[in-house]
Amino acid sequence: MADQHTPKSKAQLDEEFSELYRAHLRDVYSYAYYRVGNHHDAEDLTEQTFLQAYRHFERAQRESAGRPLRPWLIRIAHNLAANLYRDRSRKPASPIEDSTPLADPHTTEELVEEREELSRILNGVEELPDDRREALIMRFALGMDNREIARALGRSDGATKVLIHRAIKQLEGIVNEGASDD
Amino acid sequence: MTEAASSSNFEGLLRQALAPVEPPEDLAQRLESTLTSLTELAVGELEAWELSAMRDPRNWVRPAAAVVVGSTAGVALVLLRARRRIS
């Protein structure tokens, strides 16, 4: 086992950063896309996230004590997105585009129904408070578990579990309400 | 339908609605390009720095930071390019 107190060579750090980048580019991009709602800002946010991660990579590795760094990356993206909105004093200007491939629709009618349902869900996600929306993005778009989400949001595991449960319930309520209005 | 089944179904739909989004192909190129720019900026910083200013130790921090940014970004860039060639 490597001695954790021995500083790594720069080449080794760069190699490991390169691996981190390749492993999580899609995660960071997905998070950014659902957070800001458009591809242009999502690309900027992803770029800034990796540049900032690169600057602090060595320290993050030291302090993570071998734990996965995905929550740390997402936390960087989360903070940068918050700054973006603070600077522009706005929320996403347009609804999130639905770029989801549908799962084996059998008929045109089913396809339309499924598309509408997914669209209602996406719109509902946007209506959630920020922390609930982010927790759902991390869980369902990135497949993060409670512990990872807790680390990314700076909360306890228990509080995160409650947050996700309430977010799903609230979203279900919004979607059902929208469906009954149609 | 039971509440558990309904909840599970809703989570399935939620998973579909929030499917992972593939980054555009040119994003990796943009990232590399940004790292290259950082490297060039760092070199420029050093070249533009007047040697006379270096007599004052208070001015040493900025060029030293430029060296760090330039060299680290450069190596990362080479690694990313090498990886892309392999894959």
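## A kinked helix and a two-chain contact

In chain A, helix α6 is followed by A:G154, a glycine whose phi is positive, near 70°. That is a good place to start a tour of this predicted model. Helix α6 itself covers residues 146-153 of chain A, and its buried residues are A:E148, A:I149, A:A150, A:R151 and A:A152. Notice that a glutamate, A:E148, and an arginine, A:R151, are on that buried list.

A glycine with positive phi also turns up elsewhere in chain A: just after α1, A:G37 has a phi of about 85°. Here are the two side by side.

| Helix in chain A | Residue that follows | Phi |
|---|---|---|
| α1 (residues 10-36) | A:G37 | positive, about 85° |
| α6 (residues 146-153) | A:G154 | positive, near 70° |

Let us stay with α1 of chain A for a moment. This helix runs through residues 10-36, which makes 27 residues, yet its end C-alpha atoms are only 34 Å apart. A straight helix, at 1.5 Å a residue, would reach 39 Å. Where is the kink in α1(A) centred? Look at A:H24, the centre of a kink of about 55°.

Stepping back to the whole of chain A, you will find 7 helices and 0 strands. Read along the sequence, the pattern is α-α-α-α-α-α-α. Chain A has 182 residues, and 35% of them count as buried. Among its contacts between residues at least 6 apart in sequence, 65% join residues at least 24 apart.

Now for the meeting of the two chains. The contact takes 34 residues from chain A and 24 residues from chain B. On the side of chain B that touches chain A, the elements giving two or more residues are α1 (3-17), α2 (25-48) and α3 (61-86) of chain B. Of these, α1(B) gives the most, with 7 residues. By character, the residues on this side of chain B divide into 16 nonpolar, 3 polar and 5 charged.

Helix α1 of chain B also holds B:G12. Is B:G12 buried or exposed? B:G12 is exposed, because 12 other C-beta atoms lie within 10 Å and a residue counts as exposed at 12 or fewer. If you would like a distance to check in the viewer, try B:G12 and B:R30: they are 18 residues apart in sequence and 34 Å apart in space, C-alpha to C-alpha.

Methods. Residues numbered from 1 in each chain as written. Chains lettered and ligands numbered in written order. Predicted model: local features only at pLDDT ≥ 70, side-chain atom pairs only at ≥ 80, totals over all residues. Helix = DSSP H or I, 4+ residues; strand = E, 2+ residues; numbered from the N terminus. Expected span 1.5 Å × (residues − 1). Bend = angle between axes of the 7 residues up to and from the residue. Contact = placed C-beta atoms within 7 Å. Nonpolar A, V, L, I, M, F, W, Y, C, P; charged D, E, K, R; others polar. Buried ≥ 20, exposed ≤ 12 C-beta atoms within 10 Å, placed from the backbone.
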